[in-house]
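I opened the file today and went through it from the whole chain down to single residues. My notes are below.

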Amino acid sequence: MTTSFEPIIDKNCKILILGTMPSVMSLEKQQYYGNKRNQFWKIIYGLFNKEVEEDYENRKTFLLNQHIAIWDVLKSCDREGSSDSKIINPVSNDFETFFNQYPGIKTVFFNGSKAEELFIKLVIGKMCFKEGLLFYRLPSTSPANAIRFKDKLEQWKVILSYLDSLIIASKHL
């Protein structure tokens, strides 16, 4: 059985990016998106025109400073290797508690279609979501997704407009 990590989040986060389950390499390193070929960190830093930092603690701090939280849809599953297509016996994380604990989260972005698919299958319908929570699927940052980096980055830029509007709205409350 494979078990995911705790979320990277604080009370100031406005958006949540959900993956499916950490890869074998990420689990070995005990780091979200620990596979150097995964473009997650390059995309996140690229959104803000910054160079990717190598230190994982600095990466986590950078995320939080941008009001971005990350987590995975799955708490656990059985899986041979790292491929999402090999996931069996999936168990979702406790999103009802999560969203109650972090009411500042207004938008959820799925890192790929499998994260969205599992969320819909395992979470939607089993809980009541707060009014106004938005969901948006982005192209996967996985090396298995053959979309060119600049095209992925362009699609991920939607995060910036959500962040800007959410941060402005929170300052007027």
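These entries start with the overall fold and end with individual side chains.

**Entry 1: the model and its fold**

I noted first that this is a predicted model. I then looked up the secondary structure and found 7 helices and 7 strands in the protein. Read from the N terminus, the order is β-β-α-α-α-β-β-β-α-β-α-β-α-α. The radius of gyration is 15 Å, and the globule rule gives 16 Å for 173 residues, so the protein is as compact as a globular protein of that length. I also took the box around the C-alpha atoms along the principal axes, and it is roughly 50 × 40 × 30 Å.

I checked how contacts are spread along the chain. Among contacts with a separation of 6 or more, 70% join residues 24 or more positions apart.

**Entry 2: surface and charge**

I looked up the exposed area next. The protein exposes about 9,300 Å². Carbon and sulfur atoms supply 50% of that area. Buried residues make up 45% of the 173 residues.

For charge, I found 23 positive and 20 negative side chains. The centres of the two sets lie 3 Å apart.

**Entry 3: the core and helix H2**

Which residues touch the most other members of the largest nonpolar core? I found Leu16, Ile70, Ile105 and Ile159, in a core of 49 residues. Helix H2, residues 40–47, gives the most to this core, with 6 residues. In soluble globular proteins, nonpolar side chains tend to be buried together.

I then went through H2 itself. The helix is mostly covered, with 7 of its 8 residues buried. The buried residues are Phe40, Trp41, Ile43, Ile44, Tyr45, Gly46 and Leu47. Just after H2, I noted that Asn49 takes a positive phi of about 55°.

**Entry 4: Phe62**

I found Phe62 in helix H3, residues 56–65. Is Phe62 buried or exposed? Its relative accessible area is 10%, under the 20% cut-off, so Phe62 counts as buried.

I listed its contacts, leaving aside neighbours within four places in sequence. Phe62 is in contact with Ile44, Tyr45, Phe48, Lys50 and Glu53. Two of these names, Ile44 and Tyr45, are already on my list of buried H2 residues. I also took a distance from Phe62 to Met21. The two are 41 residues apart in sequence and 22 Å apart in space, C-alpha to C-alpha.

**Entry 5: Trp71**

Trp71 is in strand E3, residues 68–72. Its relative accessible area is 7%, so Trp71 is buried under the 20% cut-off.

Again I left aside neighbours within four places in sequence. On one stretch of the chain, Trp71 is in contact with Phe5, Glu6 and Pro7. Its contacts also include Leu16, Ile17, Leu18 and Gly19. Of these, Leu16 is one of the core residues I noted in Entry 3. Tyr32 is on the list too, and so are Asn93, Asp94, Phe95 and Phe98. From Trp71 to Met25 I got 16 Å, C-alpha to C-alpha, with their positions 46 residues apart in sequence.

**Entry 6: the loop between H1 and H2**

I went to this loop for its backbone angles. Gln30 lies between helix H1 (24–29) and H2. It is not a glycine, yet its phi is positive, about 55°. Tyr33 lies in the loop between H1 and H2 as well. Its phi is also positive, about 50°, and Tyr33 is not a glycine either.

What does their accessibility say? Gln30 is at 51%, over the 50% cut-off, so Gln30 counts as exposed. Tyr33 is at 12%, under 20%, so Tyr33 counts as buried.

**Entry 7: two exposed lysines**

I looked up Lys11 first. Its place is in the loop between strand E1 (2–3) and strand E2 (15–19). At 58% relative accessibility, Lys11 counts as exposed. Leaving aside neighbours within four places in sequence, Lys11 is in contact with Gln101 and Tyr102. The C-alpha atoms of Lys11 and Asp84 are separated by 30 Å, and the two are 73 residues apart along the chain.

Lys150 lies in helix H6, residues 149–156. It is exposed, with a relative accessible area of 55%. Its C-alpha atom is 23 Å from that of Ser83, which is 67 residues away along the chain.

Definitions and conventions: Residues are numbered from 1 along each chain as its sequence is written. This is a predicted model: local features need pLDDT of at least 70, side-chain atom pairs count only at pLDDT 80 or more; totals for chains, interfaces and linings use all residues. Side-chain values use heavy atoms; hydrogens and water are left out. A nonpolar core is a set of buried Ala, Val, Leu, Ile, Met, Phe, Trp, Tyr and Cys residues joined through side-chain atoms within 4.5 Å. Buried means under 20% relative accessible area, exposed over 50%, partly exposed in between (1.4 Å probe, protein chains only). Helices (H or I, at least four residues) and strands (E, at least two) are DSSP runs, numbered from the N terminus. The radius of gyration is taken over C-alpha atoms; the globule rule is 2.2 Å times the number of residues to the power 0.38. Contact means heavy atoms within 4.5 Å. Accessible areas come from the Shrake-Rupley method with a 1.4 Å probe; for residues, only the protein chains shown count as cover. Lys and Arg count as positive and Asp and Glu as negative; His and the chain ends are not counted. The place of a charge is taken as NZ of Lys, CZ of Arg, CG of Asp or CD of Glu.
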